[in-house]
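Work through these short exercises with the sequence and structure in view. Try each task before reading its solution.

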Amino acid sequence: MDAARLAKDTPKSQKTRARILDCAMHLFAEIGYHAATNPAIADAAGLTRGAMLYHFPTREALVEAAVAHIQAERSTLFRAAADSLPPGADVTEHAIDSYWDLLHSVPFQAFAELEAAGRTDPAIQALLTPAQAEFDRAQAGDHFLKILHAGAGPRFQASRDLARFMLEGLARTTLTYDKDGRKDRLLAVIKRATHMLNRKGDIQDLWPE
C-alpha cells in the first residue's frame, strides 16, 4: 500500500491493519509461512475476504507490511531486554539468557519462518534483507554490545557473534533425546566461551567440570 493511501487511513482502518499484521505474525510463527495464507489470516483477524483485500490486495503487499511489523516488534523486545539487567547480575549471562528467551518469542519465530521461506523465494528474501541488515547492525550490534558490556574490535565482535549465532542455531535445532540436559550444557559452554573471549573472570576451560 502506498504512502498516500496510508496517510488517508482512518484510526479504525489503521487499527484493522495492525490487527491483520499481528495475526499474520502469530500465524507465521504457529503454523508456518505457507500455511498462513491470506484467507487464513483474514479469518484469524475476523475479517471478510473483501475487507482483507481492501487493506492488502496482494500477498506481496501483506508480506512487505508484515516484515516491517515483525521487525519493529523484534526491535522493541530487544531494547527491553537490553534495559532489563537486574542489579548485580552477570551481564554476559543475562545477555545470553535474554537472547535465548527472545528467540522463542512470537516475533523472532515469525521472522525465522520468513527467513526459511526466503531461502527458496527471492522475493521474500529481498524484503527481508534490509531488516536483517538493520538488526545485525543496530540490534545485535549496539544493544547486544550494551548488555554484554564488551569492548570494540574483532575479538569482542567475535564474542557477540559466537553467542548470537550459536544461540540462533540451537534454537532452530531439533534435539531428539535428553533435550533439556543437552540444551543446558550447550548454553553453559556458550556463556563460558563468551566470558573467555571477553576475558572476564578466571575462566580458562570451556567445560565446567
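**Exercise 1. Find which residue just after H10 takes a positive phi, then check the helix's span.**

Solution. Arg199, just after H10, has a positive phi of about 55°. This is a predicted model, where local features need pLDDT of at least 70, side-chain atom pairs count only at pLDDT 80 or more, and totals for chains, interfaces and linings use all residues. Residues are numbered from 1 along each chain as its sequence is written, and side-chain values use heavy atoms, with hydrogens and water left out. Helix H10 covers residues 179-198, 20 residues in total. Its first and last C-alpha atoms lie 29 Å apart, close to the 28 Å expected at 1.5 Å a residue. The expected span is 1.5 Å times one less than the number of residues. Helices are DSSP runs (H or I, at least four residues), numbered from the N terminus.

**Exercise 2. List buried residues of H10.**

Solution. Buried means under 20% relative accessible area (1.4 Å probe, protein chains only). Among those in H10 are Leu187, Ile190, Lys191, Arg192 and His195.

**Exercise 3. Compare the span of H2 with its expected value.**

Solution. H2 runs over residues 11-31, so its 21 residues should span 30 Å at 1.5 Å a residue. Its end C-alpha atoms are 30 Å apart, which agrees. Just after H2, Gly32 has a positive phi of about 100°. Buried residues of H2 include Ile20, Leu21 and Phe28.

**Exercise 4. State which residues of H5 meet H7.**

Solution. Contact means heavy atoms within 4.5 Å. From H5, Val67, Ile70, Gln71, Glu73, Arg74, Leu77 and Phe78 take part. They meet Pro107, Phe108, Ala110, Phe111 and Leu114 in H7.

Conventions: Helices (H or I, at least four residues) and strands (E, at least two) are DSSP runs, numbered from the N terminus. Buried means under 20% relative accessible area, exposed over 50%, partly exposed in between (1.4 Å probe, protein chains only).
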